[in-house]
Amino acid sequence: MTDPARWLPYRPGAEPLRLYCLPHAGGSASAFRSWIGAVPGVDVRPVQPPGREGRHRETPYAHMEDLVADLAEAVLADVADSGGVPYAVYGHSLGAMTAFELVRRIGAVGGPEPVHLMVSGCGAPELCGGLEGLTPIRDMSTEQIAEVLRRLGGTPEWLLGNRALLAMVLPPFRADFTVKENYRYVPCAPLSLPVTALAATDDPRASVADAAAWEAHTTGPFTLRTLSGGHFAALEQAAATHRHIESALRPWALSAS
């Protein structure tokens, strides 16, 4: 049995609705730590993949199927421990792909489905994969990866220019992009739950049109929200993202309170 505590290092609250937040490639649970307590009625629970921070000694995943199988166990155990509190799932970039496949996995094993799926920085799953036209990340040099990170934005230049520090953060980034590059979307019946997609106007990795394509993946309500900025706009403009999260989850947060 997967231990939920390994995946959920910050389990602070007793709000009426839980939100499991999945980070971008190379990211960690700390990317969402400041979100805890920032969304009324929502117990933000950042997810910690292996290979980083408190799990840095653990081997990261190379395939999405293995990742979501173990993550689904952890989430379902945490949901069961809540005594029936409703939950939602949010993911940014690679985390959005993982969130989608997590929801599919939970449905496949007969678990209680989330009340909402929220994604940002990512087009619909059939549009996802590696960085088109580039050598696979796992085969790139440190300098090549630094240039990829520079193009994507979100990584400070002082870190990109420091080879020693960069070497410390590259292993989880390489591992996560291996998951992304190995990912192949398998068509299936659409979800039935509400889906909200956050798109950034100048995101080089996921256009507004790419984000709008998520609508085809649910028979439930679909909402598209836009933010100005690049790939990490949803994280850099956390207050705006929190307002969108609160708006999307309010019906369940209020009904459960």
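This presentation covers one buried glutamine, the cysteines and the internal cavities of a predicted model.

The model is predicted, so local features need pLDDT of at least 70 and side-chain atom pairs pLDDT 80 or more, while totals for chains, interfaces and linings use all residues. Residues are numbered from 1 along each chain as its sequence is written, and side-chain values use heavy atoms, without hydrogens or water.

I begin with Q48. Q48 has a relative accessible area of 4% and is buried, a class that means under 20% (exposed is over 50%, partly exposed in between, with a 1.4 Å probe and protein chains only). Its side chain makes a polar contact of 2.6 Å with that of E53; such a contact is a pair of N or O atoms within 3.5 Å, one able to donate a hydrogen and the other to accept it, and residues adjacent in sequence count only if both atoms are side-chain atoms. Beyond four places in sequence, Q48 is in contact (heavy atoms within 4.5 Å) with residues including R6, W7, S28 and R55.

I turn to the cysteines. The whole structure holds 0 disulfides, defined as cysteine sulfur atoms within 2.5 Å. Why is the sulfur of C21 without a bond to that of C122? The two are 15 Å apart, too far for a bond, although C122 holds the closest cysteine sulfur to C21. C21 is buried at 0% relative accessibility, and C122 is buried at 5%.

Finally, the cavities. A search finds 2 of 30 Å³ or more, a cavity being a set of points on a 1 Å grid over the protein atoms alone where a 1.4 Å probe fits but cannot get out. The largest holds about 170 Å³ of space, and the second largest about 40 Å³.

Technical notes. On a 1 Å grid over the protein atoms alone, a cavity is a set of points where a 1.4 Å probe fits but cannot get out, and a pocket is an open set with protein on both sides within 12 Å along at least five of seven lines; lining residues have an atom within 4 Å of a point. Grid points are joined across faces, edges and corners, and a volume is the space filled by probe spheres set on the points.
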